[in-house]
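Me: Please take a close look at the cavities of this structure. What lines them, and which elements contribute?

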Amino acid sequence: MGAFLLVHGDREYVRRPGEELQTDLGVLDVPEDVSHGDELETHLGEPFTVRELRGPDLFEHFERTGAPMMPRDAGLVMGHTGAGGGDRVLDAGTGTGVLAAYLARAGAEVTTYETDPEFAEVARENMELGGVADRVDVRAGDVTEHLDELVAEGPFDVLTLDTGDSAAVVERAPELLTAGGFVAVYSPFVESVRETVEAARDGLTDIRTFETIQRRMDVGDRGTRPSTAGVGHTGYLTFARKE
C-alpha cells in the first residue's frame, strides 16, 4: 500500500499505514486500516487529517537524488503523448522518479532505466511510497546498452528520455515504438535539442520542440500582475511520432 499525507494546518508529513509520526505536536501511530479523510490524533490530542497522495504531492515528498522533472514538464509530456491506461512506456533517466510515477498513476506500465544503482534503489522506494511499484519496473543500467533486448521486449507506446545520450535512443525509436507511438525528450541545453531532432528525422515525423517557461501571477489588493520573481525556465521538450 502507498503512503498518505498527514496534514495539520500548513504542515504535511508522509507516512505509510503502520508507521509512527513524531513531532512537537505529539506522537501519532498511523493505523493499518487508515483511509483518506480520516482524522487522527497525537497522544497530545492534536488532530491530523489523512489525505491521499496526489501527483503534486509526489513531487514535493519523494526523496530526491537530483533535480526532479517539474510538474509542468511532466504535464506537457503526458499531454503531447497521450500516455495513459494500457500503454507501455520506456523511460530513461529515472532520477527521483517523478515522471515515471505520474505515468504509472495514469495507468501506464513503465520500464525505467537509471544509470546509478543507488539512485535506482531510491527510485524504487519512491515508487513504493507513491503506491505504483506494481506498475513501474526500475532497472539499474544504461539504456543504450540494452536496446537490442528492449526491441525484443517491445513495442512500446511511448518513449520518455532525460539522459545525455538521448539521441542514441531516438535513433532506435522506429524499432522500439509501435505504429503511432510517441517519443518525448527532455533536454537541458539547446545543443542536445539539435542532436535529438537530427536523430528523429531519420524515421520519425511530426517533430516539434518547445521551451518550457512558466510565470506565476501575484494577486493582491491593488491588482493582479506577473510575479517579479522572473520567468521560470526549466528546459526543452522535443516530441516526435512514428507513423
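Reply: The largest cavity is lined by T163, G164, D165, S166, A167, V185, S187, S192, E195 and T196. Three elements each give two or more residues to that lining: α6 (166–171), β11 (177–187) and α8 (190–200). The largest share comes from α8, with three residues. Note that this is a predicted model.

Now the size and character of that space. The volume of the largest cavity is about 50 Å³. Its lining has six polar residues, two charged and two nonpolar. Among the lining residues are D165 and E195; Asp and Glu count as charged. A167 and V185 also belong to the lining, and Ala and Val count as nonpolar.

The structure holds two cavities of 30 Å³ or more. The second largest contains about 30 Å³ of space. Its lining consists of M69, V77, D91, L99, T160, L161, D162, A184, V185, Y186 and L237. Here β10 (156–161) and β11 are the elements that give two or more residues. The most comes from β11, with three residues. By class, eight residues of this lining are nonpolar, one is polar and two are charged.

The two linings can be set side by side. V185 appears in the lining of the largest cavity and in that of the second largest. The element β11 gives two or more residues to the largest cavity and three to the second largest. Polar residues number six in the lining of the largest cavity, whereas the lining of the second largest has one. Nonpolar residues number two in the former and eight in the latter. Each lining has two charged residues.

Methods
Residues numbered from 1 in each chain as written. Predicted model: local features only at pLDDT ≥ 70, side-chain atom pairs only at ≥ 80, totals over all residues. Heavy atoms only, no water. 1 Å grid on protein atoms, 1.4 Å probe; cavity = no way out; pocket = protein on both sides within 12 Å on 5 of 7 lines; lining within 4 Å. Points joined across faces, edges and corners; volume = space filled by probe spheres on them. Helix = DSSP H or I, 4+ residues; strand = E, 2+ residues; numbered from the N terminus.
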